[in-house]
Amino acid sequence: MKKYVLILISFLFLGCNFDKTYHNREGDKQDAQKITKKFYSLLKKNNREEAFKLIDNNFFETTNKKQLNQMIDDINAECGDKISDTQLTIWETFVSVGTQPKSQYVLSYKVKRNIQNTQEKFTLEKNDDSIKIVGYDVSLTK
């Protein structure tokens with residue numbers, strides 16, 4: 001009987017996940033902001049190829065690079081290609097460390113452009129040791 005109890009306890013320990021989760025830590029926000037700041041910096045220099053390296057490959061399964069280039073061209077034509085300021089307005093982070101690590105970040109910016117301002121939302125995820133953009137949504141503001 002003791003043998004069965006030991007086996008049962010062993011299975012319980014093997015099946016357990018030892019994860020710790022963190023929500024909205026300042027350091028996690030800053031890690032994600034490094035990516036978005038670099039993205040904006042590269043867009044300002046019109047270096048889209050380098051900016052696209054910050055985007056996860058899964059993003060390009062639904063929106064290819066040609067479509068993303070066209071979207072950026074359309075935004076630049078309608079709202080202006082000069083970005084003078086980006087202000088973080090909303091942010092949220094979720095980081096789980098342990099046996100099943102996962103990191104997700106959402107950052108929304110009010111972007112001041114030379115024709116019309118935009119609200120731009122980034123969704124990012126950490127895979128392995130690098131944070132990548134997995135979603136990018138742009139809407140017009142008043």
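## A guided tour from Thr141

Select Thr141 to begin: with a relative accessible area of 18%, this residue is buried, the limit for that class being under 20%. The model on display is a predicted one. Thr141 is found in the segment that follows β5. Show its side chain and the backbone of Asn117 together; the Thr141 side chain comes to 3.0 Å from the backbone oxygen of Asn117. Then display the neighbours of Thr141: leaving aside residues up to four places away in sequence, Thr141 touches Gln116, Asn117, Thr118 and Gln119.

**The whole chain**

Next, switch to a cartoon view. The chain contains 5 helices and 5 strands, and along the sequence these follow the pattern α-β-α-α-α-α-β-β-β-β. Colour by accessibility, and 30% of the 142 residues count as buried. A surface display shows about 9,500 Å² exposed, of which carbon and sulfur atoms supply 51%. Among contacts with a separation of 6 or more, 52% join residues that are 24 or more positions apart.

**The sheet**

Select the strands. They form an open sheet of 5 strands in the order β1-β2-β3-β4-β5, paired in the antiparallel sense. Now pick out residues 19–23, which are β1, and residues 130–140, which are β5. These two strands stand at the edges and each has a single partner strand, so one side of each lacks a neighbour in the sheet. Looking across the sheet, one finds that the twist from one strand to the next averages 15 degrees.

Keep β5 and add residues 118–127, which make up β4; the two strands pair in the antiparallel sense over 10 bridges. To see one such position, select Phe122, whose bridge partner in β5 is Tyr136.

**The helix across the sheet**

Add residues 65–79, helix α5. This helix lies across β3 (102–113), β4 and β5, and runs at about 40 degrees to β5.

**The salt bridges**

The structure holds 7 salt bridges, and three stops follow.

For the first stop, display Asp73 and Arg48, whose side chains meet in a salt bridge at 2.7 Å, N to O. This pair links distant parts of the chain, since Asp73 belongs to helix α5 and Arg48 to helix α3 (residues 48–52), 25 residues apart. Which degree of exposure does Asp73 have? Asp73 is partly exposed, with a relative accessible area of 36%. Arg48, by contrast, counts as buried at 12% relative accessibility.

For the second stop, move to helix α2, residues 26–44, and select Glu26 and Lys29. Their side chains meet in a salt bridge with an N to O distance of 2.9 Å. Because the two residues are 3 residues apart in this helix, about one helical turn separates them. Glu26 counts as partly exposed at 41% relative accessibility, whereas Lys29 is buried, with a relative accessible area of 11%.

For the last stop, stay in helix α2 and select Lys34 and Asp31, which are also 3 residues apart, about one turn of the helix. A salt bridge of 3.9 Å, N to O, joins their side chains; the cut-off for a salt bridge is within 4 Å. Is Lys34 buried or exposed? At 57% relative accessibility, Lys34 counts as exposed. Asp31 is partly exposed, and its relative accessible area is 31%.

Key: Residues numbered from 1 in each chain as written. Predicted model: local features only at pLDDT ≥ 70, side-chain atom pairs only at ≥ 80, totals over all residues. Heavy atoms only, no water. Pairing = 2+ DSSP bridges. Helix = DSSP H or I, 4+ residues; strand = E, 2+ residues; numbered from the N terminus. Axes fitted to C-alpha atoms, helices over the stretch in contact; angles between N-to-C directions. Contact = heavy atoms within 4.5 Å. Buried < 20%, exposed > 50% of the residue type's maximum accessible area, 1.4 Å probe, protein only. Polar contact = N/O pair within 3.5 Å; in protein donor to acceptor, adjacent residues only side chain to side chain. Areas by Shrake-Rupley, 256 points an atom, 1.4 Å probe, with all protein chains shown as cover.
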